[in-house]
Amino acid sequence: GTNRYDTSRIIAGYIGVAKGIAVATGSDFPDALSMAPIASIKSMPIILSQKSGLDPDTKAFLNGKSIPFSYIVGGTGVLSSALDSSVSNSK
């Protein structure tokens, strides 16, 4: 991809979102790294987000898809609490 956010969308396109997604900050790696084994076992992509929320391309990618769970990985210090309402079935 052209950047890390685009790359996470491309990977999500290959893996699919039917088993859920994980959302982690794209600004640093520990949260995504800690979720990687679980996401792999569950065949879920890790979508990278900016602190303020998903970028328009990621929103467009996820729009209309049936996503059973969206695991938000990381606290409000790295991801805005507003992200909860912009993904399906957030946990």
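**Exercise 1. Trace the salt bridges around Arg9.**

Let's start with one pair: Asp6 forms a salt bridge with Arg9, and their closest N and O atoms are 3.2 Å apart. A salt bridge here is a side-chain nitrogen of Lys or Arg within 4 Å of a carboxyl oxygen of Asp or Glu. Before going on, note that this is a predicted model, where local features need pLDDT of at least 70, side-chain atom pairs count only at pLDDT 80 or more, and totals for chains, interfaces and linings use all residues. Residues are numbered from 1 along each chain as its sequence is written, and side-chain values use heavy atoms, with hydrogens and water left out.

Solution, step by step:

- Step 1: place the pair. Asp6 and Arg9 both sit in helix H1, three residues apart, which is about one turn of the helix. Helices (H or I, at least four residues) and strands (E, at least two) are DSSP runs, numbered from the N terminus.
- Step 2: check burial. Asp6 is buried, with a relative accessible area of 16%, and Arg9 is buried at 11%. Buried means under 20% relative accessible area, exposed over 50%, and partly exposed in between (1.4 Å probe, protein chains only).
- Step 3: look for another partner. The side chains of Arg9 and Asp55 also meet in a salt bridge (3.2 Å, N to O). This pair links distant parts of the chain, since Asp55 is in the loop between S2 and helix H3 (56-62), 46 residues from Arg9 in helix H1. Asp55 is buried, as is Arg9.
- Step 4: add Asp57, which forms a salt bridge with Arg9, the closest N and O atoms being 3.9 Å apart. Asp57 lies in helix H3 and Arg9 in helix H1, so the pair ties together parts that are 48 residues apart in sequence.
- Step 5: put it together. Salt bridges that share partners join Asp6, Arg9, Asp55 and Asp57 into one network. The count comes to three salt bridges.

**Exercise 2. Work out which residues of H2 are buried and which are exposed.**

Solution, step by step:

- Step 1: pick out the buried ones. In H2, these are Ala32, Met35 and Ala39.
- Step 2: look down the axis of H2. Its buried residues fall within an arc of 75°, so they line one face of the helix. The arc is that of the directions from the helix axis to the C-beta atoms.
- Step 3: turn to the other side of H2, where Leu33, Ser40 and Ile41 are exposed.
- Step 4: find the packing partners. The buried residues of H2 pack against strand S1 (21-25), S2 and strand S3 (70-72), with contact meaning heavy atoms within 4.5 Å.
- Step 5: go just past H2. There Ser43 takes a positive phi of about 55°.

**Exercise 3. Describe the surroundings of Ile67.**

Solution, step by step:

- Step 1: locate Ile67 in the loop between H3 and S3.
- Step 2: check burial. Ile67 is buried, with a relative accessible area of 5%.
- Step 3: list the neighbours. Leaving out residues up to four places away in sequence, Ile67 touches Val17, Gly20, Ile21, Leu62, Ser88 and Asn89.
- Step 4: try a distance. From C-alpha to C-alpha, Ile67 and Asp84 are 14 Å apart in space, and they are 17 residues apart in sequence.
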